[in-house]
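Work through the exercises below with the model open. Try each task before reading its solution.

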Amino acid sequence: MPQITYVEFGGREHRVEVPVGLSIMRGAVNNNIPGIDADCGGECACATCHVYVEEGWLATTGTPAEGSQEASMLSFAALAQPNSRLSCQITVSEALDGLIVRLPEGQH
C-alpha cells in the first residue's frame, strides 16, 4: 500500500498508508490528519482540501487543467501556489508511494 506523508503547516509529519484508488483527501480524513477540512466530502465543490505537492512529484500527480473545476476552486484557496492541488482530485496509485504533500496554514 502506498505511503503518503502529510506535513502540517507547523512541520509535524504524518506518514500513513493509503489504499490505491482513494484520494489523497480521503487518506487524510480516514487517518485524522489535521489541516484538511474536506467540507464538501470530495465533490470538488470547495477548496478546503488544498495541499502543496512537493515539486519533485508534480510530474506524477499532474497539475490542474486550465479552466477545470479544480483550477476554479483553487482560485478561492488562500495562498495558492503553482504546486497547489486539491487533494480530492489526486487518486492514489502505486506510483505515488512516497508522495509528500504540505498543508497550508489554513483552509479557506
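Contact here means heavy atoms within 4.5 Å. The model is predicted: local features need pLDDT of at least 70, side-chain atom pairs count only at pLDDT 80 or more, and totals for chains, interfaces and linings use all residues. Residues are numbered from 1 along each chain as its sequence is written, and side-chain values use heavy atoms, with hydrogens and water left out.

**Exercise 1. Describe the fold and its dimensions.**

Task: Which pattern does the chain follow along the sequence?

Solution:
- Start with the elements. The chain has 3 helices and 5 strands. Helices (H or I, at least four residues) and strands (E, at least two) are DSSP runs, numbered from the N terminus.
- Put them in order. The pattern reads β-β-α-β-α-α-β-β.
- Check the size. The radius of gyration, taken over C-alpha atoms, is 12 Å, close to the 13 Å from the globule rule for 108 residues, so the chain is as compact as a globular protein of that length. That rule is 2.2 Å times the number of residues to the power 0.38.
- Box the C-alpha atoms along the principal axes. They fill roughly 30 × 25 × 25 Å.
- Turn to contacts. Among those between residues at least 6 apart in sequence, 66% join residues at least 24 apart.

**Exercise 2. Dissect the core.**

Task: Which element gives the most to the largest nonpolar core?

Solution:
- Define burial. Buried means under 20% relative accessible area, exposed over 50%, partly exposed in between (1.4 Å probe, protein chains only). Of the 108 residues, 44% count as buried.
- Define the core. A nonpolar core is a set of buried Ala, Val, Leu, Ile, Met, Phe, Trp, Tyr and Cys residues joined through side-chain atoms within 4.5 Å.
- Find the hubs. Of the 27 residues in the largest core, Ile4, Tyr6, Ile24, Ile36, Leu86, Leu99 and Val101 touch the most other members.
- Assign the elements. Strand 1 (3-7), helix 1 (24-30), strand 3 (50-53) and helix 3 (69-74) each give two or more residues. Helix 1 gives the most, with 3.
- Zoom in on Ile4. Beyond four places in sequence, Ile4 touches His14, Arg15, Val16, Val18, Ile24, Leu96 and Leu99.

**Exercise 3. Place Gln89.**

Task: Where is Gln89 found, and which residues is Gln89 in contact with beyond four places in sequence?

Solution:
- Locate Gln89. It is in the loop between strand 4 (84-86) and strand 5 (100-102).
- Classify it. Gln89 has a relative accessible area of 34%, so it is partly exposed.
- List the partners. Gln89 is in contact with Cys44 and Glu70, leaving aside neighbours within four places.
- Compare separations. Gln89 and Gln69 are 20 residues apart in sequence and 10 Å apart in space, C-alpha to C-alpha.
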